[in-house]
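Work through the exercises below with the sequence and the model at hand. Each task is followed by a solution in steps.

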Amino acid sequence: MITRVAVVPNPPLLVPELVPGSVADTAGVRDAVLEAAAWLAEESEHWLAIGVHDGPRRAVPPSTRSTFAGYGVDVPVALSDEPGGEVEPDAPLPALVAGWLRGQTGATSVHVELVPPGYPPDECIGLGRRLADAAQRSAVPGPGVLLVLGDGSIRHGERAPARPDERAPAFEARVAAALAKADAAALSSIEPELAADMGAMGRAAWQVAAGVLGDDRWVSKLLYSDTPFGVGYHVATWERP
């Protein structure tokens with residue numbers, strides 16, 4: 001059974017070696033993300049993660065090893081503690097961040113599921129339900145945990161990496177409220193077209209998480225919600241009471 005869920009952004013700036021001149025400026029979001037990841041690791045050393053990446057739906061197994069070299073610095077990443085493994089030089093960013101967080105918090109392994117940014121809401125929710133069901137039936141002892149990786153709009157203000165959009169603040173507030181309350185219905189109702197306009201890659205991952213939430217009651221907490229560097233970043237934790 002999935003007992004804890006952590007929702008985090010996945011920008012490269014979380015890794016201090018990639019932002020040597022801006023470590024202090026990025027500390028707020030990094031600290032919140034590491035807090036949420038450590039909270040997952042307290043519950044289970046084996047993680048399931050969901051992220052968004054261009055291309056077909058695919059899995060990145062715990063045997064994968066890679067590096068952040070494509071983002072400027074050769075910071076090695078492993079998705080498990082097992083020696084050896086498969087080297088994927090250009091692993092997708094959500095897998096890199098999931099592996100980095102695993103290493104930072106002492107978790108043993110992370111299995112990453114990736115969906116394309118245009119994945120339809122009903123398919124996202126269906127996948128989330130299947131992941132929850134699989135965790136319920138798993139023969140692996142102990143609780144299951146889920147790491148959800150995805151960013152919000154990239155259209156906030158003058159520092160935005162894309163042209164600013166006046167709809168971005170309302171969109172981000174809507175996402176933050178849904179994550180803060182672990183509101184499956186609100187997450188499910190985010191329109192793919194609007195999310196695409198906002199450049200919010202996290203939409204599909206959040207809607208997979210909505211499928212995991214289902215109709216159950218969860219204890220939720222919003223650890224961080226802001227738009228530094230013109231991008232929406234949210235950190236939330238959900239736990240079964």
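## Exercise 1: Backbone at two loop residues

A182 is placed in the loop between α4 and α5 (184-188). The model is predicted.

Task: State what is notable about phi of A182, then treat F229 likewise.

Solution.
1. Most residues other than glycine have a negative phi.
2. Phi of A182 is near 50 degrees, which is positive although the residue is not a glycine.
3. With 12% relative accessibility, A182 counts as buried, the cut-off for that class being under 20%.
4. F229 also has a positive phi, near 60 degrees, in a residue other than glycine.
5. The loop between β9 and β10 holds F229.
6. The relative accessible area of F229 is 22%, so F229 is partly exposed.

## Exercise 2: The chain as a whole

Task: Determine how many helices and strands the protein chain has, and compare its radius of gyration with the globule rule.

Solution.
1. The protein chain contains 7 helices and 10 strands.
2. Its radius of gyration is 16 Å, close to the 18 Å that the globule rule gives for 241 residues, so the chain is as compact as a globular protein of that length.
3. Along the principal axes, the C-alpha atoms fill a box of roughly 50 × 45 × 30 Å.
4. Of the 241 residues, 51% are buried.
5. Take the contacts between residues at least 6 apart in sequence: 72% of them join residues at least 24 apart.
6. The exposed surface of the protein chain is about 10400 Å², and carbon and sulfur atoms supply 52% of it.
7. The chain carries 19 positive and 31 negative charges, and the mean positions of the two sets are 4 Å apart.

## Exercise 3: Salt bridges across the sequence

Task: Count the salt bridges in the structure. Then, for R57 and E113, D197 and R167, and R240 and D216, locate both partners.

Solution.
1. Side chains of opposite charge can pair when their charged atoms come close.
2. There are 10 salt bridges in the structure.
3. R57 and E113 form a salt bridge through their side chains, at 3.7 Å from N to O. R57 sits in the loop between β2 (46-52) and β3 (58-60) and E113 in strand β7 (residues 109-115), so this pair ties together parts that are 56 residues apart in sequence.
4. The partners differ in burial class: R57 is partly exposed at 39% relative accessible area, whereas E113 is buried at 11%.
5. In the salt bridge between D197 and R167, the closest N and O atoms are 3.7 Å apart. D197 belongs to helix α6 (residues 192-198) and R167 to the loop between β8 (144-149) and α4 (168-181), so that distant parts of the chain, 30 residues apart, are linked.
6. Both partners are partly exposed, D197 with a relative accessible area of 37% and R167 with 38%.
7. The side chains of R240 and D216 meet at 2.7 Å, N to O. R240 is in the segment after β10 (233-239), and D216 is in the loop between α7 (202-213) and β9 (219-226), 24 residues apart.
8. R240 has 22% relative accessibility and counts as partly exposed; D216, at 43%, counts as partly exposed as well.
9. R4, E42, E43 and E239 are joined into one network by salt bridges that share partners.

## Exercise 4: Two alanines

Task: For A168 and A6, decide whether each is buried or exposed, and list the contacts beyond four places in sequence.

Solution.
1. A168 is part of helix α4.
2. Its relative accessibility is 0%, so A168 counts as buried.
3. Outside its neighbours within four places in sequence, A168 has contacts with S153, R155, H156 and M198.
4. From A168 to M1 the C-alpha distance is 35 Å, with their positions 167 residues apart in sequence.
5. A6 belongs to strand β1 (residues 2-8).
6. A6 is likewise buried, with a relative accessible area of 0%.
7. Not counting residues up to four places away in sequence, A6 touches A36, L40, L146, L147, V148 and A236.
8. A6 and S22 are 16 residues apart in sequence, and their C-alpha atoms are 25 Å apart in space.

Definitions and conventions:
Residues numbered from 1 in each chain as written. Predicted model: local features only at pLDDT ≥ 70, side-chain atom pairs only at ≥ 80, totals over all residues. Heavy atoms only, no water. Helix = DSSP H or I, 4+ residues; strand = E, 2+ residues; numbered from the N terminus. Rg over C-alpha atoms; globule rule 2.2 N^0.38 Å. Buried < 20%, exposed > 50% of the residue type's maximum accessible area, 1.4 Å probe, protein only. Contact = heavy atoms within 4.5 Å. Areas by Shrake-Rupley, 256 points an atom, 1.4 Å probe, with all protein chains shown as cover. Lys, Arg positive; Asp, Glu negative; His and termini not counted. Charge placed at Lys NZ, Arg CZ, Asp CG, Glu CD. Salt bridge = Lys/Arg side-chain N within 4 Å of Asp/Glu carboxyl O.
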